[in-house]
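The exercises below each set a task and then work through a solution step by step. Please have the sequence and the model open before you begin.

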Amino acid sequence: MTAPSVTRRGFLGSGLGLGLTLLAGRSALGQDAQAPAAGGGDRSRLFDPSAVQERRPTVAADNDAVTMALEKRLKCQCGCNLDIYTCRTTDFTCTTSPALHREIVALQGQGRSAQEILDAFVQEYGEQALMAPKPEGFNLAGYFVPGVLMLLGVTALTAWIMRRQRQVALASTGTAGLDVDAAAAAAGATPEEIERLKRALAEVED
Amino acid sequence: MTLLGQFSLWVALLIGSWCVVLSLSGRWRERPDLERVITRSVYALCVALLVATLSLWKGLISHDFNIEYVAAYTSRNLPTYYIVSALWAGQKGSLLFWAVVLSLFASAAQLLTSRRHAALLPYVAGITSAVVVFFVIVMLFAANPFERLAFTPEDGRGLNPQLQNVGMVMHPPMLYLGYISITIPFAFAVGALLSRRLDTGWIVAIRKWTLVSWLFLSIGIVLGMWWAYVELGWGGYWAWDPVENASFLPWLTMTAFLHSVMIQEKRGMLKRWNVALIVATFLLSIFGTFITRSGVIASVHSFTQSSVGYFFLAFLLLAGVYAFTLLWTRWPELEPEGQLESMLSREAAFLFNNLALVGIAFSVLWGTLFPILSEAVRGNKITVGPPFFNRVNIPLGLFLLALTGIGPLIAWRKASVQNLRRQFALPVSAGLATAAALFGTGMRDGYAMMAIALGAFVLGTVVQEFYRGMRARYRMHGESPLVAFSRLIGRNRRRYGGYIVHVGILTMFVAFAGMAFKVDQEATLKPGESAEVRSPYGHTYKLTHMGVSQYKALNRFVSAASVQVERDGRSLGIMKSEKRQHVDSFGRPTFEPSTEVGIRSDLREDLYIVYAGSVDGTEEAVYRFTVNPLVWWVWFAGVVLILGGLLTMWPGGGGVAETRRSQAGYEAVLVGAGGK
């Protein structure tokens, strides 16, 4: 038997290969110890699928801007208080919001307009299906009471200040011509005190 | 320990009731020794509640699962800091937390209040003790944190995964501290009404307390936004949920008070309004607690529905009727000392600012309660969600933002046209130039443009104020810009701290405007596959799914989906979003799998990745990718706001000196008008 011989080129080649493998390994570990190597589109089974929510693959309608906008106007009926879009893209345990999403997509597929879909939801689930009530009837109070009260408040406050302003103007006519110097002199202030008062006033006014 | 805890609650009830009766009976006015008894009762109440709290903490830390609360909110494998925070994670524990913190604040008020306001302290002791007693009654008769189970489970249920976040360790206590500390200014206000000491004394006594409340509320709200953003996974930070609204309401009225109180201090005006604002703020803090705990309005944040709601409703009505009746009986004694002289004055601007703040508070309250009102009137259930609140509140918010800039530019008493021209030229130019630049770059969202342009206007006012102040110091003292800047703030912390708060507010408005340009996209990717997302700034993210790895961690089983991120061809690294299946110490699942989002944040935008789940139990992952513009600035604004608030309330700094200076100005007018 002859001992296996290793040529110098073979030895160097193996050493280089081993070094490159280690480097590549270190580089991958350096990126993220937990991260698996990027695959080529294969889908191996998870170790424990039950630890992750089961989802359907995304379809074009899931990213449709009109559908998204519509879903943001409709409330999920699972009791979560969120709109359908937010619920289906946040609460992954909810089975209601994906079903409602499919319902909307199906209605869109039938050629229904956005308003018709909203109306269909209101008919099916009641007015609470809408994230904001329709601006009609009693709901108008919801929309307009804060704004109207604010306008009334601004008007009342403006009128009140103007009235005060007039009262002060009338009262000051009796003391017209009294400036700081006169007022201070009347109070028996010295020129130094008047000067100090002026400086203090200037500072306040700034 | 539960026996000790339970016993301490009963002791607290007795001491607190004794203190309330003694204080409100007024017997101490004839017998000064009773004043000391009242003060000591406040301390004793605090000690009793501290013992109760330590007893519950002992139960939590020692895993005494025979206590229903411990079994419901902790497990053996829950990290210690979450076990500690479990005190405020549930309804019953948080009631105890509320009571003990209020008793600590009440003791601090007795200890730290200046002797000048000593006459108010027995009343303050009575009012704070009454509120503490209310919480103790709720615990003893409706939500006892020491309630025992008929059996002892092997392990507890554990803490809700969404509460297992550092934000949730800090956010509730901060918010509670804000809510709770409001009781102290309320107690001083009621004390002033009861004692008929209605000069500015009580205002001075509560100055620091109101700032403390406002600061804690601000920190609590910002932390809550941050927690919602990083933990809940919906890609936003504010959803106009009733519980969020409930925290916002007292913040608005407290902010209004912090402005209007300046008018009372300088001009002796708005006395009635200021008392009403403090009372309203206290009632709104109780209202917030009622909303959170009653289940009367559906909310994603509420505690489980329970009977404590009735207790809070009754207390709310009682406190409201009592305080406003008292205010009504003292109405003639709260006559203003000064008069508003001109529409073009800072006083008038502050009044409009108050109107805007209270108007927004009303609007938020109206929207929150409108579903109940609608059901009562029409018998029809409706939903009032973000589209409603945005439509109603954005215009009001912009009005308020404009006033934030206008107020500081107008002189006290009366501004001249020349003064207005000088003050407004630069800020208005900054606002208009910003609007033009935004329009030129193609922005067409009206509200977003207005928010950013008004932000530039307000920033212009603040920069101008700082510049003029520094220039004046340079002229008078020859100080370098840095020295002038620091002394300017140091000598007048209240004023310049306030300006810094304004910078925080305007930055927040601008950052909120960024959400108008949010981009959402869903994608299903096999390992190695990529999706492209276009940012509102025009660049493209390439997101490559690398696979899903699963492993065990402390109290959970983690499924981590990794994504290689490139922006316009340049690698930005790897991001990870997780599914966490929490388990108890026996490995049994405790909750549904929860989601941990991946966030990459820079000054322009956040890339927000959510691993929604997998297809057929494989590594084929469903993702939601979101690009959120300007979110970093929301947190930055929060920090600026808090720093400004801290600066404002920092001891010293010439608040009194400034008041004297400003009063000197009015003295001249009063002399001119013929004396006081």
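**Exercise 1.** With its C-beta neighbours inside 10 Å counted, does H63(B) count as buried, exposed or partly exposed, and how many such neighbours are there?

*Solution.* Before counting, note that this is a predicted model, in which local features need pLDDT of at least 70, side-chain atom pairs count only at pLDDT 80 or more, and totals for chains, interfaces and linings use all residues. Residues are numbered from 1 along each chain as its sequence is written, while chains are lettered from A and ligands numbered from 1 in the order in which they are written.

Step 1: a residue is buried if 20 or more other C-beta atoms, placed from the backbone, lie within 10 Å of its own, exposed if 12 or fewer do, and partly exposed in between. Step 2: H63(B) has 18 C-beta neighbours inside 10 Å, and therefore counts as partly exposed. Step 3: to place the residue, look in the loop between α2 (32–61) and α3 (68–73) of chain B, where helices (H or I, at least four residues) and strands (E, at least two) are DSSP runs numbered from the N terminus. Step 4: the backbone of H63(B) has a positive phi of about 55°, although this residue is not a glycine.

**Exercise 2.** Find where W240(B) is located, and classify its exposure.

*Solution.* Step 1: W240(B) is found in the loop between α9 and α10 (242–267) of chain B. Step 2: because W240(B) has 18 C-beta neighbours inside 10 Å, it counts as partly exposed. Step 3: W240(B), not a glycine, has a positive phi of about 55°.

**Exercise 3.** Describe how α7(B) packs against α9(B).

*Solution.* Two packed helices are described by the angle between their axes and the distance between the axes. Step 1: axes are lines fitted to C-alpha atoms, for helices over the stretch in contact, and angles run from 0 to 180 degrees between N-to-C directions. Step 2: helix α7 (residues 166–181) of chain B and helix α9 (residues 201–232) of chain B pack at an angle of about 150°, with their axes 7 Å apart. Step 3: that angle makes α7(B) roughly antiparallel to α9(B), given that angles under 35 degrees count as roughly parallel, over 145 as roughly antiparallel, 65 to 115 as roughly perpendicular and the rest as oblique. Step 4: the crossing of α7(B) past α9(B) is left-handed, meaning that the near helix is turned anticlockwise from the far one by less than a right angle. Step 5: the residues of this contact divide into 14 nonpolar, 7 polar and 1 charged, where Ala, Val, Leu, Ile, Met, Phe, Trp, Tyr, Cys and Pro count as nonpolar, Asp, Glu, Lys and Arg as charged, and the others, Gly among them, as polar.

**Exercise 4.** Work out how α2(B) and α6(B) are arranged, and which residues make their contact.

*Solution.* Step 1: the axes of α2(B) and helix α6 (residues 121–141) of chain B come within 10 Å and cross at roughly 30°. Step 2: this makes α2(B) roughly parallel to α6(B), and their crossing is left-handed. Step 3: on the side of α2(B) the contact is made by E35(B), I38(B), T39(B), V42(B) and L45(B), and on the side of α6(B) by P122(B), A125(B), S129(B) and V132(B), two residues being in contact if their C-beta atoms, placed from the backbone, lie within 7 Å. Step 4: by class, this contact has 6 nonpolar, 2 polar and 1 charged residues.

**Exercise 5.** Identify the best-connected members of the largest nonpolar core.

*Solution.* Step 1: a nonpolar core is a set of buried Ala, Val, Leu, Ile, Met, Phe, Trp, Tyr and Cys residues joined through C-beta atoms within 7 Å. Step 2: the largest has 190 residues, of which L45(B), A99(B), F135(B), F188(B), A189(B), V279(B) and A451(B) touch the most other members. Step 3: α9(B) gives the most to this core, with 21 residues. Step 4: leaving aside neighbours within four places in sequence, F188(B) is in contact with L120(B), V124(B), W202(B), A205(B) and I206(B).

**Exercise 6.** Locate M68(A) and list the residues that it touches.

*Solution.* Step 1: M68(A) lies in helix α2 (residues 65–71) of chain A. Step 2: M68(A) counts as partly exposed, with 19 C-beta neighbours inside 10 Å. Step 3: not counting residues up to four places away in sequence, M68(A) touches Y85(A) and D520(B).
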